[in-house]
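Work through the exercises below with the model open. Try each task before reading its solution.

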Amino acid sequence: TDHVRYTDGVLTLDGLALDGLVADVGTPAYVYSLDVMAAAMERARAAFAPLGGQVSYSVKVNSNQAVLARMVRLGAGFDVVSGGELSRVLAVGGDPARTTFAGVGKTDEELALAVRHDVLVNIESADECEALNRVAAALGRRVRCGIRVNPGVTVDTLAPMQTGSAKAKFGLPATEARALLDACLAGRYPQLSLLGVHMHVGSQVPEPSGMVRAAEVLLDLLEYAQQRGLDEFRRFDLGGGFPIDYGGPAVPTVEEFAAALTPLLGGRRDLDVYLEPGRSIAGPAGVLVAQVLYRKHRPGQRMLVLDTGMHHLIRPALYRTDVHRILPVLAGPSAGPTVVVGPVCESTDTFAESAELPDLAPGDLVAFMDAGAYGMVMASHYNTNRKPPEIVVENGAARVARPREQWSSLFASERP
Ligand code: LLP
């Protein structure tokens, strides 16, 4: 991630010093490079172009309107998982015809929004088929659908991110997916046009073989459908999951994933390949800049208390790993391992047990790397804290894409 680097001892993003970038809005603040996100999108497209792959952006990772607007200008499709995300995409002029809707628990209200805008719905259960058929019938519409398949493949990522294993709540096992296809062919769901299969084996997938095994399961199903005369059943959505380098062990590139899938999917003119990456598009593009509030000590350990915590970046607390590298905004020699914590009244509000940081003092700035994905979108108002502002950098210029919240607005809609 060379768009975030030290220049004359100051940490910069796209060449702009981070201390200057947050000077007006203060800390904590998220800062994203939209150009880096766009470049990652183009890279995924280029990697999968030989397979005819079309790339959607997974909105859940970073749904700021400025980010989505950039994706619209790139001509990207969108992967949404809620009526709220779909509303964001529609508001920014995203193409509903290239938007897909995933999720195990879609409500009637959400399904109706999707049907009205001709969004493709990836179905995850037989009950959902019934609900979608009923909602579409009430609106007098047909709806394009895919079947989210649970391939029964466990990839070696953090347990909470394994979404393709047999025990996961996601998708339908292949046998049930077949039964659903049969029911559809028998005319049980007259409003649904089944157009293909969908999967997502997990996130931060450490190597391609699990994705390949899962794709084999999906390909079987696709052939089953085509043999039964469903000629238009040709969508093959591989999901997302491409890993990024958080500073741990090396991870495979998106090109390596494409290469691993080529023996299976290369030259298959009978299918349309789709992807929906999120983390690999937005993650490395963003940082969270925070300030040291206080120095403390544990027996034998230095500790820094920051003005940001699990309410702004929950991943370290949620997954119990030191997942985000923390860099000082002004470079300096390491003063040894440091415990880094946030202000929230929970012991899990700890970012790192042993970060290598200089001897920082109150007012000094630090930056969390790779915070462009699953950062702000997972922020909460816990302890009635405000969410941070979001600054975007585009073409060398910075602007505030979302201001800091007001305390009063956090409870303005409540009725005493
Ligand atoms: N498609 C589907 C159906 C998904 O469930 C996900 C992520 C994606 C695409 C995008 O996956 P990506 O390319 O970003 O790996 N909150 C966790 C990650 C949860 C991922 C959920 N699904 C984190 O902070 O790491």
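**Exercise 1. Place alanine 49 and decide: buried or exposed?**

Solution. Start with the location: alanine 49 sits in the loop between α2 (34–48) and β5 (54–58). Helices here are DSSP runs of H or I with at least four residues, strands are runs of E with at least two, and both are numbered from the N terminus. The model is predicted: local features need pLDDT of at least 70, side-chain atom pairs count only at pLDDT 80 or more, and totals for chains, interfaces and linings use all residues. Residue numbers start from 1 along each chain as its sequence is written.

Next, count neighbours. A residue is buried with 20 or more other C-beta atoms within 10 Å of its own, exposed with 12 or fewer, and partly exposed in between; C-beta atoms are placed from the backbone. Alanine 49 has 12 other C-beta atoms within 10 Å, so it is exposed.

Finally, take a distance. Serine 409 is 360 residues from alanine 49 along the chain, and their C-alpha atoms are 46 Å apart.

**Exercise 2. Find which residues of α3 are buried, and what covers them.**

Solution. Helix α3 covers residues 65–73. Its buried residues are Val67, Leu68, Arg70 and Met71. Seen down the axis, they fall within an arc of 155 degrees (taken from the directions from the helix axis to the C-beta atoms). They therefore line one face of the helix.

Now list the cover. Contact means C-beta atoms, placed from the backbone, within 7 Å. The covering elements include β4 (29–33), α2, β5, α4 (83–91) and α10 (279–282). After α3 comes glycine 75, with a positive phi near 75 degrees.

**Exercise 3. Repeat the analysis for α7 and check its span.**

Solution. α7 (residues 174–185) has twelve residues. The expected span is 1.5 Å times one less than the number of residues. From first C-alpha to last, α7 reaches 16 Å, close to the expected 16 Å.

Ala177, Leu180 and Cys184 are buried in α7. Their arc is only 55 degrees around the axis, which puts them on the same side of α7. They pack against α6 (126–139), β9 (143–150), β10 (172–173), β11 (192–198) and α8 (209–227). Glycine 187 follows α7, and its phi is positive, near 85 degrees.

**Exercise 4. Which residues come nearest the ligand?**

Solution. There are 19 residues around the ligand (C-beta atom, placed from the backbone, within 6 Å). Ser203, Gly240, Gly278, Arg279 and Tyr374 come nearest.

Key: Contact = placed C-beta atoms within 7 Å.
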